[in-house]
Amino acid sequence: MTDPVPGRLIEAAPGAFVLRFPLPPSLPIPLYVASPDGVRLVTWVLAGLEAGAGEGPVGLLALDADDGALGDGLTLATHFRDLAIRPERSVADALGAAERSLLARALLSAGASGLVPLGRLFGLVEAAVAALPVAEDAPDLADEAGGWTLGGTAIPHGLLFRTRAGWGCARVVEAHLRFGRHPRQRLTLEPLWGAAPEGRPERSFALHAHGFTALTVGAS
């Protein structure tokens, strides 16, 4: 293992962190946190890889951690070799706008196990999520009698949404498909954090195992 690299540790909420660190020339791909116990890698992203990036490439790790587990740093298992990181506490401003945008996309694509951590980390990426574009042919989420329905046949594992009450997230526990020329799904949802999934949403995202879709808003 090489000497530890310095990092900046940003606490979004108790137990939820983003660790920013300079990438070695080998550009290691994060796999999992090898040590200490009590620290889980939620998702990761590499930033600053484009030509002319000011600081050079950096890695961003979204972490779930028990109290005090990160006091002495961590060892990250990568595809190349284990990487020791010794972070210092930092402020949220350590993340630039481009890094927040990349991190937002990674968190929305983190899978079902990332739904709850997303809530604790959301304050760091809220503006970046709100700025994500919606494709003209995107499916729609509508408020109909009995709950929300989603256009299309691709069943998400979760929904991220903003209503008048604010942002919220819910797990999709059941979807009843109605086939036809314009297939739709009636969703049964388990609220996880934030606003309740009710009323007409202002913004919404269908979250899938390996990506997400920004949705249009259907008529009530």
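This report describes the overall build of a predicted protein model and then turns to two of its residues, Arg184 and Leu74.

## Overall build

The protein has 220 residues, and its radius of gyration is 19 Å, which agrees with the value near 17 Å that a compact globule of this length would have. Taken along the principal axes, the box filled by the C-alpha atoms of the protein is roughly 60 × 40 × 30 Å. Within this box, the secondary structure of the protein consists of 2 helices and 15 strands.

When contacts with a sequence separation of 6 or more are considered, 66% of them join residues that are 24 or more positions apart. Of the 220 residues in the protein, 46% are buried.

## Surface and charge

The protein exposes an area of about 10,800 Å², and 51% of this area is supplied by carbon and sulfur atoms. As for charge, the protein carries 18 positive and 23 negative side chains, and the centres of these two sets lie 6 Å apart.

## Arg184 in strand 12

Arg184 belongs to strand 12, which covers residues 184–194. The relative accessible area of Arg184 is 12%, and because residues under 20% count as buried, Arg184 is placed among the buried residues.

Two polar contacts of the Arg184 side chain can be described: one of 3.0 Å joins it to the side chain of Asp140, and another, of 2.8 Å, links it to the side chain of Thr149. Once residues up to four places away in sequence are set aside, the residues that Arg184 touches include Asp140 and Thr149, together with Ala142, Glu144, Leu150, Gly151 and Gly152, and also His176, Leu177 and Arg178.

## Leu74 in strand 6

Leu74 is part of strand 6, which covers residues 74–78. Its relative accessibility is 1%, and since the limit for a buried residue is under 20%, Leu74 counts as buried.

Apart from neighbours within four places in sequence, Leu74 is in contact with Leu19, Val33, Ser35, Pro36 and Leu63, which precede it in the numbering, and with Leu83, Ala84, Ile85 and Arg86, which follow it. A further view of the position of Leu74 comes from Gly147, which is 73 residues away from Leu74 in sequence and 44 Å away in space, taken from C-alpha to C-alpha.

Key:
Residues are numbered from 1 along each chain as its sequence is written. This is a predicted model: local features need pLDDT of at least 70, side-chain atom pairs count only at pLDDT 80 or more; totals for chains, interfaces and linings use all residues. Side-chain values use heavy atoms; hydrogens and water are left out. Helices (H or I, at least four residues) and strands (E, at least two) are DSSP runs, numbered from the N terminus. The radius of gyration is taken over C-alpha atoms; the globule rule is 2.2 Å times the number of residues to the power 0.38. Buried means under 20% relative accessible area, exposed over 50%, partly exposed in between (1.4 Å probe, protein chains only). Contact means heavy atoms within 4.5 Å. Accessible areas come from the Shrake-Rupley method with a 1.4 Å probe; for residues, only the protein chains shown count as cover. Lys and Arg count as positive and Asp and Glu as negative; His and the chain ends are not counted. The place of a charge is taken as NZ of Lys, CZ of Arg, CG of Asp or CD of Glu. A polar contact is a pair of N or O atoms within 3.5 Å; within protein, one must be able to donate a hydrogen and the other to accept it, and residues adjacent in sequence count only if both atoms are side-chain atoms.
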